[in-house]
Each structure stands twice: as structure tokens, then as C-alpha cells.
Amino acid sequence: MPLGVVVRRTPGVTRWAAWAWKAVSVLPGAGQARWRELRSDGDATDYHAATPLLELHGAETEAYLHGISARVPSVYVVMRPTEGSEGPPLDVVLVTASPYEAQDYADSGEEIVEKVPMPEGLVAWVRDFVEAYHEDEVFKKRRRDKTTVGQAEDGVGDPRIAQLSDVYRSPQMIRKGRLH
């Protein structure tokens, strides 16, 4: 589903940043746009920055279920600062309904990840997808291997290895002169 991303520009609060940019909403089913001004209210201006596709995958239904079960269901907008002063200040890289995928992008530190409230129609669309494709993972209890790997201690207590400070060496072996 195409989602229009609305980005708000407000004056910066420090002298190092002239403007602050924040994704504030999404427009389900929006047409293509590239930084088209939607409205201006004083110093704040809203732009329809881009219209990326929201793709849902059957393998990630658990993440979508987690996202729509939150107190405020959200969609995540991933943006990247552009190089140079010409053109738009941010590129909209991705929109996703998966909080796990958004966390992966946030961990890299290179992208800006914004949490935007999901409109009711989009919540219903994602819920329908989850109901159609979600399969609970069957719990399998892991069994231990029958082999014991903790029995051999390499070189510990071996009289052929001269280690007088070895705490595992029996004092009787040292007295008998088996160690040189």
C-alpha cells in the first residue's frame, strides 16, 4: 500500500540547527509527491515528502501483531539525511509496520527513525493481513546431547606437564619425583 509521509519543519532550538524535521503522519493510499508543501502555520510547515510502499511479509506477522497491539499502534518512517545543501534535506528510505525492523534501522545510527501513529484504516488492513497469514510457532523443547563434554581437562593433572603451581596436581606425584 502506498503511504504518503508528512514531514513537519519547525525552527531549530539551537544555533547549530536552523530547522528541525520530524515525520508527523502518514497518508494511506496517497499519490506520488516529492516535498510538496501541504500547509503552513506560522513557523511550522508540513510537507508531503514521499510516497513509499508499505509492504507486509508473511514471515513477520508476529512483529506486526506486536506493533498493532501496542497502546498506540504505529508505523515507522526511516529517513536518511541527504548530502549537500541543494534539494530536500531528508530522503524517506522506508515505511514499515514492524517495530523489530525499525529497531534494526535505529541501531545502525545512520538513519532517523520516527514513530508515527497508525491511522485506523491502516490498523484494520494490517490486522486483516495478520489474521490471514499468522501461524503460531510450535514450541519445541530442546534436549541435551547424550555426550558429556566436560570430563576431559586438557593437561590438568597430567604428570608429564611440569606445572608446580597446578592446584589439581596431587602432592604425592610431586614427592615421588615424577616431575622434574
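1. Let me start with Glu 62 and its contacts. Setting aside neighbours within four places in sequence, Glu 62 is in contact with Tyr 100 and His 134. Glu 62 belongs to helix H1, which spans residues 61-68. A C-alpha separation of 8.4 Å relates Glu 62 to Asp 136, although the two are 74 residues apart along the chain. Please keep in mind while reading that this is a predicted model.

2. Now for the overall layout. The protein chain has four helices and seven strands, and their order along the sequence is β-β-β-β-α-β-β-α-β-α-α. Of the 180 residues, 31% are buried. Among contacts with a separation of 6 or more, 56% are between residues 24 or more positions apart. The accessible surface comes to about 12900 Å², and carbon and sulfur atoms account for 49% of that area.

3. Strand E6 deserves a look. Is E6 enclosed or open? Five of its seven residues are buried, so E6 is largely enclosed by the rest of the structure. Strand E5 (residues 74-81) runs antiparallel to E6, and six bridges join the two. Within this pairing, Val 77 stands opposite Val 95 of E6. As a general reminder, side chains in a regular strand alternate between the two faces of the sheet.

4. Thr 96 is a good residue to inspect in E6, the strand covering residues 90-96. Its relative accessible area is 2%, and because the cut-off for buried is under 20%, Thr 96 counts as buried. What does the side chain of Thr 96 reach at 3.1 Å? The partner is the backbone nitrogen of Ser 98. Beyond neighbours within four places in sequence, Thr 96 is in contact with Leu 54, Val 75, Tyr 76, Glu 101 and Ala 102.

5. Ala 23 is another residue with a small relative accessible area to quote: Ala 23 is buried, at 2%. Ala 23 sits in strand E2. Leaving out neighbours within four places in sequence, Ala 23 is in contact with Val 5, Val 6, Val 7, Val 77, Met 79, Glu 114 and Val 116. If you want a distance to check, the C-alpha atoms of Ala 23 and Arg 9 are 9.1 Å apart in space, with their positions 14 residues apart in sequence.

6. Arg 9 also appears in a charge-ring arrangement. The charged end of Arg 9 sits over the ring of Trp 19, at 4.0 Å from the ring centre.

7. On to the aromatic residues. The structure holds five aromatic pairs. One of them joins Trp 21 and Trp 35 in an edge-to-face arrangement, with 5.5 Å centre to centre and 90 degrees between the planes. Trp 21 lies in strand E2 (residues 17-28), while Trp 35 is in the loop between E2 and strand E3 (36-41), so this pair ties together parts that are 14 residues apart in sequence. Trp 21 is partly exposed at 25% relative accessibility, whereas Trp 35, at 15%, is buried. Ring pairs also bring in Tyr 47, giving a cluster of Trp 21, Trp 35 and Tyr 47.

8. The pair of Phe 129 and Tyr 133 has another geometry. The ring centres of Phe 129 and Tyr 133 are 4.7 Å apart and the planes are at 40 degrees; why is this pair called tilted? Planes under 30 degrees apart would be stacked and those over 60 edge-to-face, so an angle of 40 degrees makes the pair tilted. Phe 129 and Tyr 133 are four residues apart in helix H3 (residues 120-133), which means that about one helical turn separates them. Phe 129 is buried at 17% relative accessibility, and Tyr 133 is partly exposed at 49%.

9. Finally, Glu 111 would be worth a glance for its polar contacts. Glu 111 lies in the loop between helix H2 (99-108) and strand E7 (112-117). Is Glu 111 buried or exposed? With a relative accessible area of 13%, Glu 111 is buried. The side chain of Glu 111 makes a polar contact of 2.6 Å with the side chain of Arg 80, and another of 2.7 Å with that of Ser 108. Apart from neighbours within four places in sequence, Glu 111 is in contact with Val 78, Met 79, Arg 80 and Tyr 105.

Definitions and conventions: Residues numbered from 1 in each chain as written. Predicted model: local features only at pLDDT ≥ 70, side-chain atom pairs only at ≥ 80, totals over all residues. Heavy atoms only, no water. Buried < 20%, exposed > 50% of the residue type's maximum accessible area, 1.4 Å probe, protein only. Polar contact = N/O pair within 3.5 Å; in protein donor to acceptor, adjacent residues only side chain to side chain. Contact = heavy atoms within 4.5 Å. Phe/Tyr/Trp six-rings, centres within 6.5 Å; stacked < 30°, edge-to-face > 60°. Lys NZ or Arg CZ within 6 Å of the ring centre and 35° of its normal. Areas by Shrake-Rupley, 256 points an atom, 1.4 Å probe, with all protein chains shown as cover. Pairing = 2+ DSSP bridges.
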